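Okay, everyone, thanks for coming. Let me put the structure up, and then I'll walk you through a pocket, some aromatic rings and the cores.

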Amino acid sequence: TILEVGNRKLRFELSIDSANCLVIMLWSMGRKNMKEENYQEAMSWFECCFVSLLNRSKESQQDTIGKIQRSILHCCLKMHDTGTFENTLRDMNDLSRKNPITLYYRFVNMLENHGTEIDNDTAHGILTALSQCNDLKTINLLALCVVESKNYLDSNCHDTDKPFLDEPLKHAVSKLLNKCNNIDTKNSEYLVLVAIRASVYIFGKRLENGLKKDETEKMSLENVEMIEKSVDQFLCYAKVNREGSNIKDINNDIEWFSSTCFNCGLLLLENNIFDTRGVKLFEATIRLIELFNESDDKNNNRFLKWKCKSIIFLSFCEREQIRQGGNNVKQKWNAIRVMNQQVVEQISLIHKDNDYKDIMLQSLYLINESLINCNEWTSLIKRIKDMNEYGKNHTEDNQQIDAMVENIFNWIPDGDAEQRGGMIRVIETIFAERGFKNEFAVRTRMLFRWLHLMLTKMTENVAFEDQQLCYIRMFRDILAETPTDGAD
C-alpha cells in the first residue's frame, strides 16, 4: 500500500516545504478516514506521518506532533485500544499532555477503561485544569466531561455502592456554571444546555441513591444547591432564548428540568423529609413552570395542575420548618396563605375535575391553618359563614371545616383571654351554624369527632366548661331526633 511504500522509501532528509506538503497530505488522509470511522486506517496514516517525516525535526515540529498524537488518541478511544493510548500518552511532551483536548481524552479513557476503579485525584486534576481556562473550546470540553460523567452513571460499569467523583464533579460543575454567562450562545448553547441537564441529572441521581440507601452525605443540602444552581443557569439561558425575533421552543427542556426537580422533591416528602431541600426543589419547579409558554390548552392545564401541586408541597415544607421554631413565624404563615389563595383563585376560574378538587381542598386547609396560627379568628368566622351562604358542595366544605376543627383544637392559647375569646367564637360558629343545622349534612360521626376533640383538648380548661356542656346537650338532642342509618 501507499503507507508501506511511504514508510519504506521516505528515509532521506526532506526540505521544509516538501516535508510540510507531505505532512498535510498524510494528515488529510488520516482525517478523512477518521470522518469515515475507519479508525485503524486513520491511525496508520497518522503513524506514518509521525514516524517517517518528523522524527528528525521534533524540536521544531512540536505543535504538529502534538496534533498527530491527539488524533491517534482519538482513534484509540474509538477502537478501545488502551495500550496504544497509554503508549502515545507517555510519548507526549509535557505541553501536549496538558493540552485541553488531551485532558478530555484522558478523562474519557479513564471512564471507559477503568471500570469502577476511578482515580479521584486524577479526575480532579483533569477537571481542575480544564476549569482554569476561559476560552470557548476548553469550556466546551469541560461541558463534555460533565456529559460523559452522566453517561457513565447510566452505564453498567458504575458501582452504585461507591461514590463517583463527588468532589471533582461538584467542583467542575460549579466552574462550568460560573462560565456559562461568558459563552458565545450561537456556537455552544446546545452543548452547554446538555451539560446543565447532565449536572441536574447527576446530582438528582446522587440524591435519589442517598435516599434509597439512607446515606446522609448523598442527601446533603449541597447536592440540592447544585441542582438549584444548574436550574438558575438554565433560567438565564431560557430568558435569552425567549427574547428578540429568534424565539426558540424550549418547552420540552422546561418540562424536563421541572419534572426532575419535582420528582426529587417528591422523593424527599415520601421519605418524610420536609426541610430546606424540599423548599429549594419545589421553588425551582415553580420558577421553571412559570416559564412555560404554550398555546395548547391541554398542556397549559397540565402545567397549571403541576404548579399547584408544587405550591402545596412547598407549603408543607415551609409549615414543617415553622414548626421546628424560628423567627418571623407570622410572616411565614402569611406567605403560605398568599401562595395558596392564588392556587384557589386559579382553580376557581377553570373546570374542576377530581384532581383539582383535591388540590383546592389542600390549599383551603393550609389557608385555614394559616389563619388559625395567625390568630385571625374574625377571618375564619367569615369563611365559615361564606360557606353557609354560598356553598353548594357540602361534602367538600364539611371536610374543610373538619380539618379546621382539628387545627383549632391543636392550638390552645395559654393565658391570653382575647385570643381564647376569638377561638371560642369560631368554635361556636362551627357548632351552632354548621354542625347543628341539618341542611349542611354534617354526618353524626363527624359531629361526634368534633365533640370528642373538644372534650379531649379542652377538658382541663375552665373557661370552656359552659360551651362544652351546651354542645353536649345539643348533640344529645340531635341524636334523639336522628334515625339510625347504619353508617354512623
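When I say helix, I mean a DSSP run of H or I with at least four residues, and the numbering starts from the N terminus. Also, keep in mind that this is a predicted model.

So, the pocket. I'm going with the second largest one, which has a volume of about 390 Å³. It has 18 lining residues, and the closest to its centre are Met34, His74, Ile101, Tyr104 and Tyr105. Which helices supply at least two residues of that lining? They are H2 (16-35), H4 (62-79), H7 (100-113) and H9 (136-154). H4 gives the largest share, with six residues. As for chemistry, the lining of this second largest pocket splits into eight nonpolar, six charged and four polar residues.

Next up, the rings. The count comes to 10 aromatic pairs. Take Phe262 and Phe313: their rings sit 5.9 Å apart, centre to centre, with 40° between the planes. Tilted is the word for that pair, because planes under 30 degrees apart would count as stacked and over 60 as edge-to-face. Now, Phe262 is in helix H13 (residues 251-270) and Phe313 is in helix H15 (residues 297-323), so this pair ties together parts that are 51 residues apart in sequence. Buried or exposed, those two? Both Phe262 and Phe313 are buried.

Here's another tilted pair, Phe303 with Trp306, at 5.4 Å centre to centre and 50° between the planes. This one stays inside a helix: Phe303 and Trp306 both lie in H15, three residues apart, about one turn of the helix. Phe303 and Trp306 are buried as well. And if you zoom out, Phe262, Phe303, Trp306 and Phe313 are among the members of one aromatic cluster, which also includes Phe282 and Phe316.

Last bit, the cores. In soluble globular proteins, nonpolar side chains tend to be buried together. In this model, the largest nonpolar core has 73 residues, and the ones that touch the most other members are Phe107, Val231, Phe234 and Phe257. Helix H11 (residues 185-213) contributes the largest share of this core, 11 residues. Then, apart from that core, there's another one of 52 residues, including Ile289, Phe292, Tyr356 and Ile427.

That's my tour. Shout if you'd like to go back to any part of it.

Terms used. Residues numbered from 1 in each chain as written. Predicted model: local features only at pLDDT ≥ 70, side-chain atom pairs only at ≥ 80, totals over all residues. Heavy atoms only, no water. 1 Å grid on protein atoms, 1.4 Å probe; cavity = no way out; pocket = protein on both sides within 12 Å on 5 of 7 lines; lining within 4 Å. Points joined across faces, edges and corners; volume = space filled by probe spheres on them. Nonpolar A, V, L, I, M, F, W, Y, C, P; charged D, E, K, R; others polar. Phe/Tyr/Trp six-rings, centres within 6.5 Å; stacked < 30°, edge-to-face > 60°. Buried < 20%, exposed > 50% of the residue type's maximum accessible area, 1.4 Å probe, protein only. Core = buried A, V, L, I, M, F, W, Y, C linked by side-chain atoms within 4.5 Å.
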